[in-house]
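Trainee: Could we go through this model together? I would like to see how each label follows from its cut-off.

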Protein chains: 2
Amino acid sequence: MTTRDSPGIQAVDRAFDIVEALNELDGAGVSELARHVELPKSTVHNHLDTLERAEYVVRENGTYRTSLKFLQISETARNQHALYEVGRSEVEHLAEKTGEISALMTEEHGRGVFVYRSRGSEAARIDTCIGDRVPIHCTALGKAILAFLPDDRRAAIIDQHELPAVNHNTITDRGRLEEDLETVRERKIAYDDEERLNGLRSVAAPILDGTDSVIGSISVAGPTHRMKGERFETELPETVLGIANVIELNIQHT
Amino acid sequence: MTTRDSPGIQAVDRAFDIVEALNELDGAGVSELARHVELPKSTVHNHLDTLERAEYVVRENGTYRTSLKFLQISETARNQHALYEVGRSEVEHLAEKTGEISALMTEEHGRGVFVYRSRGSEAARIDTCIGDRVPIHCTALGKAILAFLPDDRRAAIIDQHELPAVNHNTITDRGRLEEDLETVRERKIAYDDEERLNGLRSVAAPILDGTDSVIGSISVAGPTHRMKGERFETELPETVLGIANVIELNIQHT
DNA sequence: GAACTCGTTCGGGACTGTAGAACGTTACTC
DNA sequence: GAGTAACGTTCTACAGTCCCGAACGAGTTC
């Protein structure tokens with residue numbers, strides 16, 4: 001559910017509200033939807049009709065659900081990202097090599113978006129999904145990006161989203177976050193010590209393009225009991241950094 | 001680009017036209033977009049503003065592009081499909097086992113949609129992408145679905161889309177197609193003999209749910225010179241059929 | 001510095017999306 | 001099997017809003 005403060009085109013906002021509701025409800029009928037988005041049945045019906053004609057929604061024996069046309073849109077959108085194009089295979093490589101979960105993140109509207117993910121043989125089962133949008137300050141991936149954004153941009157993002165506590169270890173103090181980001185800039189490595197999920201630690205590195213601006217980040221994540229000591233402090237960071245460099249090089253040659 | 005014949009909600013149709021154009025153009029500015037969708041700049045601007053606020057569009061130094069929020073939508077939409085949930089790993093399995101390309105298809109609005117795809121070690125490079133929507137009569141995957149749809153449904157689809165020639169081998173005659181589908185029903189196997197792409201042959205099997213209605217299909221595809229003789233006639237069909245059965249069983253136990 | 005672009009803002013008028021009531025069906029309940 | 005409730009859908013009229021053209025400020029290019 002998107003929170004919209006100032007008004008845009010009403011009909012468009014409503015259409016997307018309906019799409020999102022449809023997704024949340026795992027498909028629904030007109031009346032159920034109407035209750036959920038708090039609009040008259042007829043209005044919802046009208047929207048569903050247009051969405052169905054445009055093939056963004058499918059009607060199956062009386063209930064509506066979002067169609068896979070969104071898959072088409074998102075695939076072409078994602079393929080346009082250099083980060084995904086060259087990073088994808090490296091994420092798989094990293095997951096295989098470490099046996100853990102590896103992921104790719106980029107920033108949109110001040111939040112971290114999981115662009116891709118791959119699971120190694122030992123990978124923890126609980127994790128977020130591709131496409132998920134999370135507060136950017138509570139993951140290694142997010143902090144790797146945040147640290148290398150222009151100062152004004154970073155400030156704007158923190159101003160807008162603030163630093164909500166996602167977990168007991170989440171950094172909620174602006175000063176402490178800046179300190180942390182300073183060391184991220186020095187080492188080109190960011191850590192997440194159970195700042196988003198209990199029992200999950202991760203290591204991430206930023207990915208910079210030819211002009212030294214961040215386009216995303218890459219990480220390895222695993223259960224705390226495996227992510228410690230030498231492995232957590234030096235081994236994994238070196239591996240991640242190496243792969244980040246490979247991606248950076250490949251991006252400049254395309 | 002979607003062709004819309006009868007009018008729905010104008011603003012919604014236009015919003016999606018803009019999203020699609022944005023995707024086609026790989027990101028664009030207001031003026032360029034306005035020219036492309038043939039609308040006044042101010043109208044396009046108004047839409048982009050709304051879409052940006054709703055986070056479906058991202059503005060980056062003066063140009064707009066579709067955001068990865070579509071990825072979030074499409075991932076949850078896809079995860080709702082039983083076909084994808086249980087079929088995904090089997091497609092990977094099939095691709096690995098045969099060394100070729102394996103794919104999953106479902107039907108929406110009378111067209112075939114590629115839901116997932118995996119490439120084996122020998123896999124042909126040229127292929128369609130996940131999310132692509134193709135005429136349903138010109139692929140093995142599509143014919144496997146078509147053959148097992150209820151008669152009225154199949155007739156409606158063919159009436160609506162007709163049988164355009166996609167390639168020199170495409171079946172364009174209704175009678176011939178029905179004959180073909182009859183043998184598909186008998187064997188539970190559909191073939192594509194370069195009916196969509198030159199040099200590409202494939203074998204597909206339908207996937208039925210507990211009530212014997214088709215929810216999709218699975219295939220193996222490869223270059224004609226490898227897809228022939230015993231392998232094409234019996235070996236691959238048996239493998240595909242076996243895996244289709246595994247998927248069907250798993251679907252009924254969830 | 002003129003003459004192009006570009007993105008953006010603004011306001012009034014035409015149109016259209018909205019909402020509520022009403023219809024026909026289906027699915028329950030008693 | 002009548003009665004009731006919920007469903008999806010259709011219709012109409014009015015209020016509201018989306019749309020467009022014109023105008024503005026900011027960059028570029030010649």
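Mentor: Happily; we will take the labels one by one.

Mentor: This is a predicted model, in which local features need pLDDT of at least 70, side-chain atom pairs count only at pLDDT 80 or more, and totals for chains, interfaces and linings use all residues. Residues are numbered from 1 along each chain as its sequence is written, chains are lettered from A in the order in which they are written, and side-chain values use heavy atoms, leaving out hydrogens and water.

Trainee: Why is Glu162(A) called exposed?

Mentor: Exposed means over 50% relative accessible area, buried under 20%, and partly exposed in between, with a 1.4 Å probe and protein chains only. Glu162(A) has 57% relative accessibility, so it counts as exposed. Its place is in the loop between α7 and α8 of chain A.

Trainee: And what makes Glu194(B) buried?

Mentor: Its relative accessibility is 16%, so Glu194(B) counts as buried. This residue lies in the loop between β6 (190-193) and β7 (200-208) of chain B.

Trainee: What is notable about phi in these two residues?

Mentor: Most residues other than glycine have a negative phi. Glu162(A) has a positive phi, near 55 degrees, and the phi of Glu194(B) is also positive, near 55 degrees.

Trainee: How do you know that Glu108(A) and Arg65(B) form a salt bridge?

Mentor: A salt bridge needs a side-chain nitrogen of Lys or Arg within 4 Å of a carboxyl oxygen of Asp or Glu. For the side chains of Glu108(A) and Arg65(B), the N to O distance is 3.6 Å, so the pair meets the definition. Between chain B and chain A, the count is 6 salt bridges.

Trainee: How much area do chain B and chain A bury between them?

Mentor: Buried area is the accessible area (1.4 Å probe) that two parts lose on being put together, summed over both. Here that comes to about 4,900 Å², with 61% of it on carbon and sulfur atoms. Phe16(B), Leu68(B) and His109(B) supply 14% of what chain B buries against chain A, more than any other three residues.

Trainee: Which residues of α7(A) and α8(A) are in contact?

Mentor: Contact means heavy atoms within 4.5 Å. On that basis, Arg154(A), Ala155(A), Ile158(A) and Asp159(A) in α7(A) meet Arg174(A), Leu177(A), Glu178(A), Leu181(A) and Arg185(A) in α8(A).

Definitions and conventions. Helices (H or I, at least four residues) and strands (E, at least two) are DSSP runs, numbered from the N terminus.
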